[in-house]
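Please open the model in the viewer and keep the sequence panel visible beside it. The tour below proceeds from the whole chain to individual selections.

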Amino acid sequence: MALSAIAGAMSVTAQTLLPDSFFVDRPAFSQPEQPGRPASCEDIAAQLPDSVPEDSRVDMAIAGSVTLIRTDGALWYVGICSDPGVRVLCVTYSANELKQGDKVVLRGGYNRQDRRHVLLDPCLASPE
């Protein structure tokens, strides 16, 4: 009985992997926990999909200069890329001693908020 409960819980959290065709012309994107080639703030807009199926996770990698860094005491919020382009916000547990202006690579779960805003959560922020 306990094994069936565990198996049932695991199937609820299972994610559908996207076909390889989704990643064509999107080198900054990858299957979960797989490395993508970081895009730049200037070229990420051309790679952004309009949507990702709700039961799928896609990771995105991007490199740029930190434009925003804040904490709420538990989480850190690291932002890169400036107007008028797409802005990217990383939600992470550690700022890795980053400060505004530092070069950084963000890697995490892709979630498009609107035409100009991307949220990466969970996310890792590492010095470039």
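What percentage of the 128 residues in the protein chain is made up of buried residues? Buried residues account for 38% of them. The model on screen is predicted.

**The whole chain**

Begin with the protein chain displayed as a cartoon and coloured by secondary structure. It has 1 helix and 7 strands, and along the sequence these elements follow the pattern α-β-β-β-β-β-β-β. Next, switch on the surface: the accessible area of the protein chain is about 7,800 Å², and carbon and sulfur atoms contribute 55% of that. Contacts may be displayed as well. Among the contacts in the protein chain with a separation of 6 or more, 52% link residues 24 or more positions apart.

**Strands β3, β4 and β5**

Select β3 (59-71) and β4 (76-80). The two strands pair in the antiparallel sense over 5 bridges, and Val 66 stands opposite Ile 80 in β4. Moving to the hairpin turn, one finds 4 residues between β3 and β4, with Gly 73 at a positive phi near 100°.

Now add β5 (87-92) to the selection. β4 and β5 run antiparallel and are joined by 5 bridges; here Gly 79 stands opposite Leu 89 in β5. This second hairpin has 6 residues between its strands, and Cys 81 in the turn has a positive phi of about 75°.

**Thr 71**

Select Thr 71, which is found in strand β3, and show its side chain. Is Thr 71 buried or partly exposed? With a relative accessibility of 41%, Thr 71 counts as partly exposed.

Which backbone atoms does this side chain approach? The side chain of Thr 71 reaches the backbone nitrogen of Gly 73 at 3.0 Å. A polar atom of the Thr 71 side chain also lies 2.8 Å from the backbone oxygen of Leu 75. Gly 73 is the residue with the positive phi in the hairpin of β3 and β4.

Extend the selection to Trp 76 and Tyr 77: Thr 71 is in contact with both, leaving aside its neighbours within four places in sequence. For a distance label across the chain, pick the C-alpha atoms of Thr 71 and Val 91; these residues are 20 apart along the chain, and the atoms are separated by 9.6 Å.

**The disulfides**

Finally, select the cysteines and display their sulfur atoms. How many disulfides does the count come to? The count comes to 2, and with bonded cysteines counted along the chain their pattern is 1-2, 3-4.

Centre on Cys 41 and Cys 81, whose sulfur atoms are 2.0 Å apart in a disulfide. The torsion about this S-S bond is about -80°, so the disulfide is left-handed. Cys 41 lies in the loop between β2 (39-40) and β3, and Cys 81 in the loop between β4 and β5, so the pair ties together parts 40 residues apart in sequence. Cys 41 is partly exposed, with a relative accessible area of 21%, whereas Cys 81 is buried, at 4%.

Then move to Cys 90 and Cys 123, joined by a disulfide with an S to S distance of 2.1 Å. Their S-S torsion is about -110°, so this disulfide is left-handed. Cys 90 lies in strand β5 and Cys 123 in strand β7 (residues 117-127), so the pair ties together parts 33 residues apart in sequence. Both Cys 90 and Cys 123 are buried.

Conventions:
Residues numbered from 1 in each chain as written. Predicted model: local features only at pLDDT ≥ 70, side-chain atom pairs only at ≥ 80, totals over all residues. Heavy atoms only, no water. Disulfide = S-S within 2.5 Å. Buried < 20%, exposed > 50% of the residue type's maximum accessible area, 1.4 Å probe, protein only. Pairing = 2+ DSSP bridges. Contact = heavy atoms within 4.5 Å. Areas by Shrake-Rupley, 256 points an atom, 1.4 Å probe, with all protein chains shown as cover. Polar contact = N/O pair within 3.5 Å; in protein donor to acceptor, adjacent residues only side chain to side chain.
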